[in-house]
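Work through these exercises with the model open beside you. Try each task before reading its solution.

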Amino acid sequence: MRRMLVIGIGAGDPEHITVQAVKALNQVDVFFVVDKSPARSDTDELVRLRREICERYIDESNYRIVEIADPPRDRATPAYRSAVEDWRSRRAELWERAIAAELGEEACGAFLVWGDPSLYDSTLAVLDQILERGNVAFAHEVIPGISSVQALTARHRTPLNRVGRAVQITTGRLLADGFPKGVDEVVVMLDADCAFQRLNDEGLEIHWGAYIGMEDEILVSGPVAEVGEQIVRLRREARERKGWVMDAYLLRRGVGP
Ligand SMILES: C[S@@+](CC[C@H](N)C(=O)[O-])C[C@H]1O[C@@H](n2cnc3c(N)ncnc32)[C@H](O)[C@@H]1O
């Protein structure tokens, strides 16, 4: 039976790769790469990192790389959920066709997933959809990766939670509605607008990072009231310089004695 490995490759530092991921990489006959170009300016750098990982950790270069075009996604529509579902279905059709055409019945394929495959990534959902459709069969396995959440807390040398307290991982879009109830720690990802600026809470502390683990890494931490504007400026400047920015942050409230 075909095998498909979903391998977490860490959040940008090639040394995030685990021993388990190295072993998995060395079993792969075909790497499926989703080609997002030319729409995204970050593509070149992210593709380069994946290539570097393959060259550095795979002993024999007898694997193939198969590119799958990414269908366009309507990011402007207010019907966010149905737009994502529609996009995933179109992805499933394209991936299904590529797997059937390019992966032999006994071969091993892989998708390399940024960070960890469980976190804000659609690879597993798309593979589930392909299996549900029933046109191609494969056994699949997930190799966990260092997520940007772990990379962020490690670089700031801070724990994620306080003793016995809950943590929430959320998006900039959701944070814009207010600090979530029932938690004191929030990790925010996918935030293009620095949503922390609009929170009305004087006691908030932030640990922010952009390009964590990469050459251009920027880290800032402190009370939002003191460092918030600096983060907004650094983020804007980085984005102008590189053409793209990838950042995440931990917000902590009620800090103090
Ligand atoms: C589509 S999600 C993918 C998350 C990924 N699966 C993970 O485990 O980190 C992309 C978001 O992750 C965060 N992110 C990923 N890598 C990052 C990095 N090296 N530095 C800062 N943020 C990062 C950013 O918030 C970005 O918008």
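**Exercise 1. Place strand β1 among its partners.**

Start with β5 (residues 139-143): five bridges tie this strand to β1, and the two run parallel. Within that pairing, Val-6 has Val-142 as its bridge partner in β5. Strands here are DSSP runs of E with at least two residues, helices are runs of H or I with at least four residues, and both are numbered from the N terminus. Two strands pair if DSSP finds at least two bridges between them.

Before going on, note what you are looking at. This is a predicted model, in which local features need pLDDT of at least 70 and side-chain atom pairs count only at pLDDT 80 or more, while totals for chains, interfaces and linings use all residues. Residues are numbered from 1 along each chain as its sequence is written, and side-chain values use heavy atoms, with hydrogens and water left out.

Next, turn to β4 (residues 108-113). Six bridges join β4 to β1, again in parallel. Gly-8 sits opposite Val-113 of β4.

Finally, check the cover on β1 (residues 3-8). Five of its six residues are buried. Buried means under 20% relative accessible area, exposed over 50%, and partly exposed in between (1.4 Å probe, protein chains only).

**Exercise 2. Describe Ala-139, and say whether it is buried or partly exposed.**

Locate the residue: Ala-139 belongs to strand β5. Its relative accessible area is 37%, so Ala-139 is partly exposed. Now compare sequence with space. Ala-139 and Arg-3 are 136 residues apart along the chain, yet their C-alpha atoms are 4.9 Å apart. Then list the contacts (heavy atoms within 4.5 Å). Beyond neighbours within four places in sequence, Ala-139 contacts Met-1, Arg-2, Arg-3 and Met-4.

**Exercise 3. Map the surroundings of the ligand.**

Begin with the shell. There are 16 residues around the ligand, and Ala-11, Asp-116, Leu-119, Ser-148 and Asp-247 come nearest. A residue is near a molecule or strand if one of its heavy atoms lies within 4 Å of it.

Sort the shell by class: 10 residues are nonpolar, four polar and two charged. Ala, Val, Leu, Ile, Met, Phe, Trp, Tyr, Cys and Pro count as nonpolar, Asp, Glu, Lys and Arg as charged, and the others, Gly among them, as polar.

Now find the polar contacts. These are pairs of N or O atoms within 3.5 Å; within protein, one must be able to donate a hydrogen and the other to accept it, and residues adjacent in sequence count only if both atoms are side-chain atoms.

- Ser-148 places a polar side-chain atom 2.6 Å from a ligand oxygen.
- Asp-116 has a polar backbone atom 2.8 Å from a ligand oxygen.
- Leu-190 has a backbone N or O atom 3.0 Å from a ligand oxygen.

Last, judge the cover. On its own the ligand has 570 Å² of accessible area, and the protein covers 89% of it. Accessible areas come from the Shrake-Rupley method with a 1.4 Å probe; for residues, only the protein chains shown count as cover.

**Exercise 4. Follow helix α5 to its packing partners.**

Take the buried residues of α5 (residues 148-155): Val-149, Ala-151, Leu-152 and Thr-153. The buried residues of this helix pack against β6 (167-171), β7 (185-189), β8 (205-210) and β10 (247-252).

Then examine His-207 in strand β8. His-207 counts as buried because its relative accessibility is 10%. Its side chain makes a polar contact of 3.5 Å with that of Glu-205. Its contacts beyond four places in sequence include Leu-152, His-156 and Tyr-249.

**Exercise 5. Which residues, though not glycine, have a positive phi of about 50 degrees?**

Recall the rule first. Most residues other than glycine have a negative phi.

Cys-194 is one of the exceptions, with a phi of about 50 degrees. Cys-194 lies in the loop between β7 and β8 and is buried, at 5% relative accessibility. Tyr-211 also has a positive phi of about 50 degrees. Its place is the loop between β8 and β9 (218-223). At 1% relative accessibility, Tyr-211 is buried. Add Arg-157, just after α5, with a positive phi of about 50 degrees.
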